[in-house]
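Thanks for sharing this one with me. Here are a few notes to read alongside the coordinates, starting from a single strand and working outwards.

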Amino acid sequence: MSRVVRVALILAVAAFARPIAASETVLLVAVSVNGRGASEFEDVAVTETGALLVPVVAIVRAAEGLVDVADDGSVTLQLPPADGTIRIDARSERLQVNGRAREWAPETAMLVDGRPLVASGLIAEVFGLETTLSQDASTLEVVSARPLPADLRAMRERRWSTFGLDSREEPVAVAVETPYVMLAPPEGELQLGLSVNSGGDLGATASGRFEMEALRLGHRVSFSGDKDGGIGSLRWTSGRSSPTGGVFGVDRLSRAEIGDVEGLWAPLVRSGGQGRGLRLSSDVFERDSRFDVSRVAGDAPPGWDAELYLGSTLIDFQRVGPEGRFAFEDLPLFGGANDYRVVLYAPDGRTREISATRTIAAGALPAGEWRFDGVLLERGAPVFDLAGDGVDEGPSLQFAVDYGVDSALTLGAFGFFDLEAGAEGSEPTRHLGLLARSGLGPVTAQAGFALDSNGFSAAELATAVGLRSVGLHARYRRFDVGFDSPVKREAGGDALQSFRVGASTALGWLGSISAEYEWVDLVGGETEERIDASFRHRLGPISFSHVGELWRVGGADRVQFSSLASLSLFGANARLRAEGSMETSGDPRLDRLEAALTSRIGRDANLAVSSSYDLNSGAHATNGSLAWDTEFGSFGVAASLDDRGGWSANFGVGVSFGGDTRTGAWPVLRDRKETDRGMARLRLAGVDGTPFAGGDGESGAGASVALLVDGRPGSAPIDETGAAIISGLAPGRATLIELTGLDDADPFLALSPAAASVSPRPGVPAELSVAVAPGAMLSGRVIASTANSESGTAHATVVLERSDGTSRQTTRSLTGGYFLFENVFPGDWIVRVEDHETGVPGSRSGLAVILAPDEMRDDLVLVKTGGG
C-alpha cells in the first residue's frame, strides 16, 4: 500500500501545480442580451491590459442569430440586422472576420475549456454590440442599438398579446419518403498510398469506402488491399431504411440489412460482434443497450492510427488492423452528451475525423411505443473472407424487444441462441433475459436478469445521475458459478460478483476530475480491484491531462500513469506525453516519452514533426510529415528515421467523389465536407404548376426560402427553375424542415406544406414539392349559446386545421368573441373551438371552409356551448 500512496502523491503534486501569475483572469458570469438572460452561465476573460473577451457563440445564440457548425468543427456566426460574419476554428486557432483572416492573439481571441472567447471590441465592430462587465463582475450586459432577431420575435408576441390574439402556427410535419432508385451516384472516398524503406521494400496500398443505391437497395462498401496480397478486406452491407417505418411494406420496420452486420448487445450476456447475416430493426440507427458505457467503431484504412477524444481530451488510441475496422469498447459515459471524435492519421500525415455523440440512456420509451431488433448472424465470418483469416463462431439468433409502459418506465426482453458449436468447438450458449429501465429527471436506473440454458442466472443493477457539472454512476453484478456468457468470459470467467462506482465533476479554474473504482469477487476467495483517475487542468496557455490506473489482483499491485501537456499558439500545437508504470516490488519508472509539434501553413497545409523514445529498450524514432487539403481531397508526404539508421518514406492521396448536387451527373469530385452529408431539394411552384423563380415573379429576382432545420434558422436561395437546395443534413435520419416564409419576396405569399420531415440518403436528395400562393384572411366570431341569449365569448381558443392534417394554427378570441387568421394558404380548412372548451362530444367537426387566393372571409360564427 505504501507504494500506491507514493504514486498517488506524485500524481497529485504534478496535477495541482499552479503558475505564480496568469496572463488573464477567467470569470463565470450571467449573460444578459438587451435585458434578457441567457440560459446558462458563461466564461469571460480579462487580460492584463484590461481587454475583455466574451463568449460570442453564447451571445449570438441568446440573440437568436445564426450559428452554423461545420463538419470540421469551425463555427460561423451571423447576427442580423448586421451583415458581418465571424468564423472561428477553435482546433487550429484561426479567426476570420467578414472572410478575412484576423490574428489569433491573447488580446483578440482565446479558448477556455475548449470554448472560444473573442474581444468585446470585435463584436462591437462586426455586430454592433456593446458589452459591459458589472462592477461586481457577476453579469455581462450586452446591448444593441438596433433590434436583434430575439427582440423582433418578442415584439411580435407582445403585439398579438396586446390585442388578445396570441396567434401562433403549429405546422404538422409532412413525412417525405424518397423511393429507392435503380441506380444513383456512389458517394465516398478513395485512399492511395506508396511507401519505400531503407531495405529496398516498395509498398502500395489502396482503400476506400462508398455508399450508393442500385436495384432499389442501399449499399455500403468498404475495402482495402496492397500490391502483394491484393484486396484483403471487403465489407458489404445492403438493405433499406426509413425513419417512418414501412420498409418492404412491413409496418414498424425501419431498417432491414443483409451482408456484414453488427450483432446485438445485452447486459450480462453479449457484447455485440459482427459477421455475415440479416438484421431487422424498428430503429434506423444502431441501438446500444449498454447503460453507463458505450462503443465507438467504424471503417478506416488498415495501418492508419485512430485516436479517440472526448471533447479535446485524448481517451484512447489504436492501430487499424488488416480488416479495416477500429473499435473502442467500454467507453465511460457521463451526464449529458458525450461528444466523442475519432481522428484518423495516415502514415503520410493526412488526417480524417469522425464524430459520434453518446448519451446515458434517457431511461424510457414513450408510453405505448414498441422497439425491436432481430439478428441472424454468423459471428466472426465476413461475407467475403478474402484473406482467409475469418473465425466462424457459428450461427446465432439474437433479439431484443422493449415496450414503454409510461413516460418513466420501459420493460424489455432479450434472447441469444447459438444454433450450433463454433469453429473452435466451443459449446453453444443460449440465454433469455429481462430488462427494466426507468428515468426520472436527471436520475436513470436499469435492472437486468439473464438465465442460461443450464438454469444458471446472473443479475445487474445500475444507476446514473447527470447534473450540470457532476456525473455519477454505479453498477452491481452477480453471477452464478456455473453461469457462462461472452460478457462473463471477457471479465475473466471466474467472477462471482462485481461493484463499480464512478464520478466526474468540473472544478472551475482548477479544471475537471473523474475517478472510477471497481471491485470483483472471484471464485476461490480472491478479489480484483481497479482504480482509474484523471485530472485535467490549465496552467496559463498550457493544457494538462493526467491519467492513472491501478490494478490489484491477489495482493499484487500494478500501476500505470501518463501525463500529456499541450500548448497551442498562433496556429501551432506542441505536445509532450510521458508514460510510466510501477510493479509491487519496484519503484515508479518512466517508460516512454513522445513529443510532437504541428503547425498550419497557410489555410490548407499542415507540417508535423514528432519523436518517441522508449526508456526500457532505448529505441527512438523521429518522424516528419507535410499534408495539405484541397476542396476535393488531401495529399501527404512523410519520412521517418530510427535509432538503427533505418528510414522509410510515404506518399498518400485521398479524393472524395459523388454526383453533382444539381445536375445529378456522375462521377465527379466532391467537396469533402459534403461527401458524408445529405441534402433536400425544394421545388417551389404556383398553384398552376408554374415554377416560382423570384419575389416579383421575374426570373433571377434573388428570392430565398426562410426556414428552420431542426430548429436552427437558415435560408436557401431559389434558382430560375424554382429549386432550392438545403445541404449539410444528416443522412438517413429524419430532419424537420419548417418553412417560415420567403425573403425578398411578396410578404403576403403563403407556402404549403409549412413543414416536412425529410430523410435524405447518400447520393439521393429528399424531394419536397412546395406550393406558393397569395394568402387568404379568415375572421369571425365565437358566441356562447344559452337558452335565452347569444353573446360573444372572449379568450376562446380557435383552431384552424387543413382538412388533410398538414397544418394547424390557433388564436384566441377578442372581446366580443372576434378572431382573425392572416396569410392562410388557399384550400380546404376546418375551423373550430378547442375541444376541451366546448364540452360537447363531436365538436371536432367544426366548420368546413374553402379559401381562394387573396380571399377575405369574415362571416364565420362558431358556437361555444357547455361553457357559458
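1. Please keep in mind that this is a predicted model. A good place to begin is Leu-749, which stands opposite Pro-774 in S56. Ala-750, in turn, has Ala-773 of S56 across from it.

2. Those two contacts belong to a longer pairing: S54 and strand S56 (residues 766-774) run antiparallel to each other, joined over four bridges. As background, strands of a sheet pair through backbone hydrogen bonds, in either the parallel or the antiparallel sense.

3. Where does S54 sit in the sheet? The sheet is open and has four strands, in the order S52-S49-S56-S54, with mixed pairing. S54 (749-752) is an edge strand, as is S52 (723-729), and each of them pairs on one side only. On average, neighbouring strands here are turned by 25 degrees against each other, ignoring direction.

4. Are the faces of S54 covered or open? Both are covered. Leu-749 and Leu-751 lie on one side, Ala-750 and Ser-752 on the other, and all four are buried. In general, side chains of a regular strand alternate between the two faces of the sheet.

5. Elsewhere, have a look at helix H3 (residues 120-127), whose buried residues are Ser-120, Leu-122, Ile-123, Val-126 and Phe-127. They are on the same side of H3 because they cover an arc of only 155 degrees around the axis. An α-helix has 3.6 residues a turn, so residues three or four places apart point the same way.

6. One last backbone detail: Gly-128 follows H3 and has a positive phi, near 70 degrees.

Terms used. Residues numbered from 1 in each chain as written. Predicted model: local features only at pLDDT ≥ 70, side-chain atom pairs only at ≥ 80, totals over all residues. Heavy atoms only, no water. Pairing = 2+ DSSP bridges. Axes fitted to C-alpha atoms, helices over the stretch in contact; angles between N-to-C directions. Buried < 20%, exposed > 50% of the residue type's maximum accessible area, 1.4 Å probe, protein only. Arc of directions from axis to C-beta.
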